[in-house]
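Trainee: Please take me through one part of this model at close range. I would like to follow the salt bridges, with the cut-offs spelled out as you go.

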Amino acid sequence: MFTRRRLLAALAGLAGGALLRPARLLAQHQDHGGHAAHGASPDPHAGHAAPAPDAPPATHGTPARPGRVIVPDTPALPWRMSGGVKEFHLVAEPVEREFAPGMTVRAWGYNGSTPGPTIEATEGDRVRILVSNRLPEHTSVHWHGIFLPNGMDGVGGLTQPHIKPGETYAYEFDLRQHGTFMYHPHADEMVQLAAGMMGFFIVHPRVPEEPVDRDFAIMLHAWAVHPGTSRPDPAVMLDFNLFTFNSKVWPATSPLIVRKGDRVRLRLANLSMDEHPIHLHGHRFWVGATDGGVIPPSARWPETTVLVPVGATRDVLFIADAPGDWALHCHKSHHTMNPMGHDIPNMLGVSQAGVEEEIRKHLPGYMAMGETGMADMQDHAAHMQGPANTLPMMAGRGPFGNIEMGGMFTVLKVREHLASYDRDPGWHRHPPGTTARKVAP
Amino acid sequence: MPQHRSALSRPLFGRMSGLLSGLLFLAGCAGMPADRGLSSVSEIVAARGEVRPVWSVNATDELEARNRVQALLAGGLDAEEAAEVALLQSAALRAGLEEVGISHADLVSASRPANPLASFFARFPDGSTGARGTNLGLDLTQSLLGLLALPSRTAAAEARVRAATLRAADEALLLAAETRAALYAVQAAKSVAAMRGLAAQAAGQAAELSRRLHAAGNLSALRLALDEAEYEELLAEAGRAQADLAEAHADASRLMGLGETAWDVSGPLPGLPANDPAAEGLVLLTLDNRLDLASARALADASGREHGLAVDWRFLDDLAAGASAEKETDGRWVVGPSLEISIPLFDQGQGRVAEAEGRLRRQIWEVRALAADAAAEVRGLAARLAARRGVAERLRDRVVPLREKAVAEWQKHYNFMLAGYAELLAAKRAEYRAYEDYVTAVRDWWILLAQLRRASGGRLPGDAPRAEPLRLPDGAAPTKPPADAPAPDHGHGAHAH
Ligand SMILES: [Cu+2]
């Protein structure tokens, strides 16, 4: 039988993966403009030849402009050329962000969004970033991981005066490296990070080193928005209750849609106060870079889970070679659920028979929960009311039932036939005989 | 000339008895009223907004009153009915009412002149004098001072009857007010006991769940002990509420004179009426209406008349006129008038006048003191009533709804596993506690209203005696359904057990 692995191995012998699709790279180059709307890529599969091996590409490609990064649910930051300088404009301001239908957070962000819009540039560019402050307090912007003059580093008080409300500052520097970086305030961080102020700063290599078909970026964050409230509580240091991919929680996180065989880069960044082990099902990946730069291929090893530390980024690379709906999630189980009380009694194994009816005489809406576990919670939540602006702890419905997830969870959808990257292809159709089946009773 | 003398003597006696009857008529010589003055007390009590109490004066209406009381008790009592029972049934009140009869008796005595004094003698002559006939004498003396002072004395006694009547009516109103207050206290105590019972029950359910959690290995002995202690403490509080209820019930029984008779309230407290009685003109109204004040004024009137009497007759200790007839031993009659008069040589009545004046002054000061007290009392009561209304309305319109809202919000947190059973049931207990506070505040308002009514001498303008029963959580209203009524459907509501 001709297995997938053997096929990949065979193909790997043909050439460096990066060289296989010049037409696509050209198309990306021509399309790239920075002013376009966020998210979608042009159809990158013109001239699609064959999937690359899943080992990290060892060769460098021809010089080319980078492809656009897909940052789900997050806009790109437009730029214009001004005297040879790529000029961006960030506006720090309060924003409203729907984490999922039924819950909107009064956050702080940039240009109406949290995460802030993604800055994309190319190694060698000189960039000028204007930062206007429309917050009620001063701020600054630190360009996390980027080599720059000390006075451009954005540490309020240390390397620059704070940007007071109403003021606009200009940062200007040459990009001397490439990789996945971040921007965030370095002023009143407890408040401003808790409120959601952060964004991607992606610098593409002048010469694509490891071109991919799909280049995704996900900002990880943890929030404390107490049940019944809508504003993040900056006083919380440990007891966060909402965990987001690009400031969205499951089931509102966008799926990652790829064609079978696509080379995929997934850029993960973390400015929360907790580390997140991000796990992908059905595949293995190679950690190809950090915010410190590219990891030499010889130093990489395969993984299914990458721990994204606090204040760091990780680029992982893989070939999406297995069709299906594959879960992509933080492996801390409390990060894949929406708010739940942390001090509630443990009802596991406790029957309320006899008492429940008595309690209902006082509280007509009382219902015993948790005796056999919490799974019935998702169905309860469908017909019972929760506090205002509060999501039930688990949600999402798949083709086989409740998915019982929340927070840092999404689905990598790998399809052999895909009409468009921009349209959700629906649930995977499993070939006959390839699903788990009930054999008893 | 015996004929002549006897002829003389007849018209004299006739004239004297005519004069006597005339004086008696002028004095309006009083008789004892058949009801011993009770109906005039009834009138006053009814005029002050109470039911007209029909006090028994004989065995027939004794039965009638007893039947009325039994009928009232059978239906369960509200404050108005309890006041009626007390008016009919209280032996202590009846003892006080007898003062009215006694004052009438005093009036009867005062309105009658002293009886004429007749004296008679027979003397037998010593034979040596040669006289043979018996010497006979007859004197008839009528105290004139008593007769002349009769109208004033009667008027003073009438004033004292008025005073006694008003005082008795005041006592009746006081009893009615105290009984109302006691009944409000029973109604409130019953609701408080019900609320505490419900709170304990809710804590008991939480404790039961905690026991099950502990048995399942999910809850430490420490947490279980805390939850069970909370439950037991609430049971103790519920027990205290039962004791308070028994005490309130006994107080009301005592005021109504019910002894061992079993009775219950007919329902919970009436809710807060829309308005307090009008506060304007309250002091003037009080000075006009208040019965102890009116009684004191009547006493001042009596003292005034007694003072006048003392002044008018200060020089006379006594004045008597009469006729005297004597049969000499020789058989002849001598007949003639007699007059007795005290000579104000040493005592010109200074002491009596000064004493009467002192009594009058004292009574006038007492009237003033009572008036000042009454004015201060009604002002204070009206102010407290308004303040208590503020408390009761805040509890009714803000605290209770917010506690209910908190329960609803806790329930939403519970629904989403953001809170546990203990917090939810504790919130419900806080709601019962808010209702308890609300009931207590409404009780305080009604008790103050009863006191204000009494202090201002009866019902007030804009004073609604009854209102809708106040709203309590299901199952907590201390109503007992009529025996033949179907059991009420409480739906999801809580039951008191
Ligand atoms: Cu995590």
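**Salt bridges, starting from one arginine**

Mentor: Let's start with B:Arg162, which is partly exposed, at a relative accessible area of 41%; that class sits between buried (under 20%) and exposed (over 50%), using a 1.4 Å probe and counting protein chains only. Please keep in mind that this is a predicted model, where local features need pLDDT of at least 70, side-chain atom pairs count only at pLDDT 80 or more, and totals for chains, interfaces and linings use all residues. Residues are numbered from 1 along each chain as its sequence is written, chains are lettered from A and ligands numbered from 1 in the order in which they are written, and side-chain values use heavy atoms, leaving out hydrogens and water.

The side chain of B:Arg162 meets that of B:Asp301 in a salt bridge, 2.6 Å from N to O. This pair links distant parts of the chain, with B:Arg162 in helix 7 (residues 150-215) of chain B and B:Asp301 in helix 10 (residues 291-312) of chain B, 139 residues apart. A salt bridge here is a side-chain nitrogen of Lys or Arg within 4 Å of a carboxyl oxygen of Asp or Glu. Helices (H or I, at least four residues) and strands (E, at least two) are DSSP runs, numbered from the N terminus. The partner, B:Asp301, is partly exposed too, with a relative accessible area of 24%.

Stay on helix 7 of chain B for another pair: B:Glu208 and B:Arg211 both lie there, three residues apart, about one turn of the helix. Their closest N and O atoms are 3.2 Å apart, and the two form a salt bridge. B:Arg211 is partly exposed at 31% relative accessible area, and B:Glu208 is likewise partly exposed at 25%.

Now hop over to chain A. There, A:Lys413 and A:Asp424 join their side chains in a salt bridge, with 2.8 Å from N to O. Again distant parts of the chain are linked: A:Lys413 belongs to strand 23 (residues 409-415) of chain A, and A:Asp424 to the segment after that strand, 11 residues apart. The two ends contrast nicely, as A:Lys413 is buried with a relative accessible area of 4%, whereas A:Asp424 is partly exposed with 41%.

Chain A also holds a network of salt bridges, linking A:Arg80, A:Arg126 and A:Arg128 with A:Glu87, A:Glu172 and A:Asp174. If you would like the overall tally, a search of the whole structure finds 54 salt bridges over all chains.
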